[in-house]
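Trainee: I have a new model to look through, and I'd like to understand the reasoning behind the labels. Could we take them one at a time?

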Amino acid sequence: MSKRWLYAAWMVLICIFAVIHALNLAADFPNHTAWHIDWAKYTDEGWYGNAAIRAHLFGHWYVPGDFNPAPAVPVWPFLEWILFFFTGVSVQAARGLAVAFFFANLVLCYTLLRPRGPKWMALLALTLMVTNPFLYCFSRLAILEPMLTTLLLAALNLVVRLPRMRRPVAASAVVGVLFTLMMLTKTTAIFLLPALAWALFASFWNPIDNPIRNSVEIDSDRTRSSLRAWFHPRAVRCAAVSFWVFAVTFSAWMMLVVAFGYFGDYKFLLFINKYVKPTEFYWPLLSFWWSVRGLIWIDHILIPLGAVLIGTVLAAALIAWKSAGKRPGLLLDPVFGASILAAGGYILFMTYQNHPQPRYFALIAVFCFLIVAMGAAELVARAGSIRLLGYGAIAVTAMAIVANGVQTASFAAHPEYTFVTAARELTAYIDQHPNGNRVLVSISGDEISLISHVQTLCDDFSMHTQAYPDLGTKLVIYKPGWWATWNDIDRGTLEDIHTHYSLEQVASFKAFDDPERNVLVLFKLRPLPDGQARLINGDNLQKQLPGDKIFIPLE
């Protein structure tokens, strides 16, 4: 009875920490954190939902010449579009959808781990997730990572159960559909394919319901024979069906994108995420090290502990396997291996991109916590000194949970609303001081639209076409009355604006904590007289000109 009550109290604690993720959803991404450099809190919530925002507020989801990511990543804006019918367009609703996916991740992690070990192992993983301040910050943003994590966990839950299904080949078609949804949620999902492939084939190799409790001695010759027959015929059929369904469904979507003329927008999303690579031949090593170091953003204690647990578990399993013919424990476990490959796959993506950002680690964090929980349970289940290592790992994990829980509770107890306030005050200023069209140009424009419903254009991303060759032409066509920037002015953007407008700085609004992006500065756009246009000649338009009123630096 006491054990039952202990588990009940533990689950109540998990629920309490989970619920605080859903409170004060209009609040800022917590200020003064190690992750303040991430641009997602300024832009991504609006960018990737702009199709839904525009459709509800302005009657159209597509703006020619502007940033339109929906053809490449349609799942998230489609769900937001449905949601806004019930809630209206608001940042709280969008973030609430992200938190709902975080809750789904908790459930899916539990169902993934519970059959594979003791109950405390699954609860430990959930505790790590709900108390982690890094996940608290990023799971409350309306970005793509929480939903991508949900789809991957759903696919893994299905894959590891295929061997016990009556019709696994038919069920594997759902895996193909889920992977299509992953690819249409975020194109980086391709780097998660090895995790799914491992889980599928490993599940059919000597399937075991509970790899931690079932550390029994087996015939080592039979084990090695099974390893040689790794590609189980049913696994191969399931993989083939999953791939075929993915190929058909993804190709069908791409055919629609091409048929309706949106393939340029699809390619543009890939283009803007292709960063310049260093010229040194060894740049992949530097990028890899940069990406690996980024893991510390998740947790300074649990990430090193996870690495130690992986090494210890693999070493102990190999020694036991070779010397005593025991089953290799987590060495060939579908979930443990898939968690390593999911984290490693995203590290590979960041290495290739050469631009790791804190938000990318939101997916990695979930699987790192699964690794910690499964690794600790595996060591505790073994005998001798290895068990002591397991208890030591649990003690370190408990200390990390306490420290993280205090930090997360502090974030939840002290919400700030600087950005929402700034966006609403900016929009109020626009409404109180009419200046041509009520259209704002800004890199954070879609984010501001989500908050205060002003119509916006993006000045940073403009898909160059024959009709819209540059930002200047886009401004001439849409005739916005306002422009906003953070702290300073990019000279390239200033050049494009100067081709048809003069700038008058009229107001500024403080928001967030990044010293380089903590003041949102508003300008009136003054059209040149008689529709005149300035010609670009070197850097002649990259400086303050007669008629401008600019009081912030040019960078």
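Trainee: How do you know that the span of helix H1 agrees with what is expected?

Mentor: Helices here are DSSP runs of H or I with at least four residues, strands are runs of E with at least two, and both are numbered from the N terminus. H1 covers residues 2-19, which is 18 residues. The expected span is 1.5 Å times one less than the number of residues. That gives 26 Å for H1, and the end C-alpha atoms are 26 Å apart, so the two agree. Please keep in mind that this is a predicted model, where local features need pLDDT of at least 70, side-chain atom pairs count only at pLDDT 80 or more, and totals for chains, interfaces and linings use all residues. Residues are numbered from 1 along each chain as its sequence is written, and side-chain values use heavy atoms, with hydrogens and water left out.

Trainee: What makes the buried residues of H1 lie on the same side?

Mentor: Buried means under 20% relative accessible area, exposed means over 50%, and partly exposed is in between, with a 1.4 Å probe and protein chains only. In H1, Tyr-7, Ile-14, Phe-17 and Ala-18 are buried. They cover an arc of only 105° around the axis, so they sit on the same side of H1; the arc is taken from the directions from the helix axis to the C-beta atoms. Ser-2 and Trp-5 are exposed on the other side of H1.

Trainee: Which helices do the buried residues of H1 pack against?

Mentor: They pack against H5, helix H6 (119-131) and helix H18 (385-413). Contact means heavy atoms within 4.5 Å.

Trainee: How do you know that helix H4 is close to its expected length?

Mentor: H4 (residues 75-87) has 13 residues, and its reach from first C-alpha to last is 18 Å, close to the 18 Å expected at 1.5 Å a residue. Its buried residues are Val-75, Trp-76, Pro-77, Glu-80 and Phe-84. The elements covering them include helix H3 (50-58), H5, H8, helix H9 (168-183) and helix H20 (445-452). Just after H4 comes Gly-88, with a positive phi of about 80°.

Trainee: Why is Ser-203 called buried?

Mentor: Its relative accessible area is 4%, which is under the 20% limit, so Ser-203 counts as buried. Ser-203 belongs to helix H10 (residues 193-204). Setting aside neighbours within four places in sequence, it is in contact with Val-159, Val-160, Pro-163 and Pro-334.

Trainee: And why is Asn-354 called buried, while Asp-530 counts as exposed?

Mentor: Asn-354 has a relative accessible area of 12%, under 20%, so it is buried. Asp-530 reaches 78% relative accessibility, over 50%, so it is exposed. Asn-354 is in the loop between H16 and H17, and Asp-530 is in the segment after strand E5 (519-527). Asn-354 has a positive phi of about 60° although it is not a glycine. Asp-530, also not a glycine, has a positive phi of about 60°.

Trainee: What makes Glu-555 exposed?

Mentor: The relative accessibility of Glu-555 is 53%, over the 50% limit, so it counts as exposed. Glu-555 is also in the segment after E5. Not counting residues up to four places away in sequence, it touches Asp-488, Ile-489, Asp-490 and Arg-491.

Trainee: What makes an empty space a cavity and not a pocket?

Mentor: On a 1 Å grid over the protein atoms alone, a cavity is a set of points where a 1.4 Å probe fits but cannot get out, whereas a pocket is an open set with protein on both sides within 12 Å along at least five of seven lines. Lining residues have an atom within 4 Å of a point. The whole structure has three cavities of 30 Å³ or more.

Trainee: Which residues line the second largest cavity?

Mentor: Among them are Phe-102, Asn-105, Leu-135, Glu-145 and Val-366. The lining divides into six nonpolar, three polar and one charged. This cavity holds about 70 Å³ of space.

Trainee: What is the volume of the largest pocket?

Mentor: About 1,100 Å³. Of its 44 lining residues, the closest to the centre are Leu-269, Ile-272, Asn-273, Tyr-275 and Phe-461. H13 gives the most to the lining, with six residues.

How values were computed. Grid points are joined across faces, edges and corners, and a volume is the space filled by probe spheres set on the points. Ala, Val, Leu, Ile, Met, Phe, Trp, Tyr, Cys and Pro count as nonpolar, Asp, Glu, Lys and Arg as charged, and the others, Gly among them, as polar.
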